[in-house]
Amino acid sequence: MGEFQETISLSVRDMENIFGQFDANIKLLEKNLHVAFIARNDRLKMIGEEHAVLRARRIMEELARLSEKGSVITEQEISYVLGLNPAELKSHAMSQLQDECICHTTSGKPVKPKTIGQKTYVDAIREGMITFGIGPAGTGKTYLAMAMAITAFQREEVGRIILTRPAIEAGEKLGFLPGDLQSKVDPYLRPLYDALYQIMGADSFARNMEKGLIEVAPLAYMRGRTLDNAFIILDEAQNTTPAQMKMFLTRIGYGSKAVITGDNTQKDLPKDTVSGLDVAIRVLKAVPEIAVCRLDGRDVVRHPLVQKIVNAYEIYETNAASGGKKKKGGAKHGASGQRE
């Protein structure tokens, strides 16, 4: 197939932003797209096979839109845009994410969805009463839910924030922790505190905590309560039992909104214990008022290496599951042959 060329115009500022420090971004694009990029002033030429060049043009135009909206183009954005399908590129779905800002951290940094999956998740929380956010580590499940909760609280859409998670060790036996009851449960709830401090600020958090307007507690403390006019987040829901999950879901009262987050590939429950998250998804799938948002490796917004780790584990676990089924089936066939 013959060589194909396309040329587009970019401002010098946008081109520098897209190319990245020491041209790291453009090298990553060349490696994945198999297209050569040649920059001359405000003109960018792309050379390669026709289908690759046409895809490269759509990607560069999307990155240019991101840059024009003030986004700093990093390896994370490059990796994500490379994974977009033609329809997503055509709809400019990624650049439209820049128009969505949930709130700002205490340092002034905007908190916004960074992937299409995260945008769908945020929209579901905004529009619905109960939302399940399911996905691997690094997809922003808890952080975005916290941002939505704090925003709703500051706008007086709810009267309080309640954050909870089951107190289960992640595979370790921590033994008897020193201190009072709050000190004993704090290690389990530390990730929730971290997000609160970053978005709300330590002083504001402390004041609202003293007034009882923000509550951070183990899931067991929810039993017997009715939670009205509150934004409730259940984190690490994969570590609940079916009874605990049912108990939590039936606490939700008038004027409240609930978000349940979890990663059903990282359960810390005792062996042979069924996850309440898995059961709830099956039981409630036919209830139209309940949204289930599934995030995946494409939505990981931590270091690009984390995305590769998540994807590697997904492939490994899929292969292990299919291999186990084949092995089980083969054993059954052999036993049948012996009986015959």
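User: Happy to dig into this one with you. How many bridges pair S6 and S11, and in which sense do the strands run?
Analyst: Glad to help; keep in mind that this is a predicted model. Gly133 of S6 has Cys293 as its bridge partner in S11. The two strands, S6 and S11, are joined by pairing in the parallel sense, over five bridges.

User: And what joins S6 to S10?
Analyst: Here Thr131 stands opposite Val259 in S10. S6 and S10 run parallel, and the number of bridges joining them is five.

User: What is the strand order of the open sheet, and which strands are at its edges?
Analyst: The open sheet has six strands with parallel pairing, in the order S8-S7-S9-S10-S6-S11. Strands at the edge pair on one side only, and these are S8 (214–218) and S11 (290–294).

User: How much does that sheet twist?
Analyst: The sheet in question is the open one of six strands with parallel pairing. From one strand to the next, the twist averages 15°.

User: Which residue in S10 is the bridge partner of Phe231?
Analyst: Start with the strands: S9 covers residues 230–234 and S10 covers residues 257–262, and they pair in the parallel sense over four bridges. Within S10, the partner of Phe231 is Lys257.

User: How many of the residues of S6 are buried?
Analyst: Take the two faces in turn. On one side Ile130, Phe132 and Ile134 are buried, and on the other Thr131 and Gly133 are buried, so both faces are covered. S6 is therefore largely enclosed by the rest of the structure, with a buried count of five of the five residues.

User: Which helix lies across S6, S9, S10 and S11, and at what angle does it run to S10?
Analyst: S10 and S6 run parallel, joined by five bridges. The helix lying across S6 (130–134), S9, S10 and S11 is H7 (residues 116–127), and its angle to S10 is about 150°.

User: Turning to helix packing, is H3 parallel or oblique to H4?
Analyst: Two packed helices are described by the angle between their axes and the distance between the axes. H3 (residues 50–68) and H4 (residues 75–82) pack at about 140°, with axes 11 Å apart. The contact is made by Arg55, Ile59, Glu62, Leu63 and Leu66 of H3 together with Glu77, Ile78, Val81 and Leu82 of H4. Because of that angle, H3 is to H4 oblique.

User: What handedness does the crossing of H2 and H4 have?
Analyst: The axes of H2 (residues 24–33) and H4 come within 10 Å and cross at roughly 20°, which makes H2 roughly parallel to H4. Their contact includes Leu28, Leu29 and Leu33 of H2, and Ile78 and Leu82 of H4. The crossing of H2 and H4 is right-handed.

User: Is Thr151 buried or exposed?
Analyst: Thr151 is found in helix H8 (residues 141–154). Leaving aside residues up to four places away in sequence, Thr151 touches Ile102 and Cys103. With the cut-off for burial at under 20% relative accessible area, the 9% relative accessibility of Thr151 is why Thr151 counts as buried.

User: Finally, what percentage of the residues in the whole protein is buried?
Analyst: The protein has 13 helices and eleven strands. About 18500 Å² is exposed, with carbon and sulfur atoms supplying 53% of it. Of the 340 residues, the buried percentage is 45%.

How values were computed:
Residues are numbered from 1 along each chain as its sequence is written. This is a predicted model: local features need pLDDT of at least 70, side-chain atom pairs count only at pLDDT 80 or more; totals for chains, interfaces and linings use all residues. Side-chain values use heavy atoms; hydrogens and water are left out. Two strands pair if DSSP finds at least two bridges between them. Axes are lines fitted to C-alpha atoms, for helices over the stretch in contact, and angles run from 0 to 180 degrees between N-to-C directions. Contact means heavy atoms within 4.5 Å. Buried means under 20% relative accessible area, exposed over 50%, partly exposed in between (1.4 Å probe, protein chains only). Accessible areas come from the Shrake-Rupley method with a 1.4 Å probe; for residues, only the protein chains shown count as cover. Angles under 35 degrees count as roughly parallel, over 145 as roughly antiparallel, 65 to 115 as roughly perpendicular and the rest as oblique. A crossing is left-handed if the near helix is turned anticlockwise from the far one by less than a right angle, and right-handed if clockwise.
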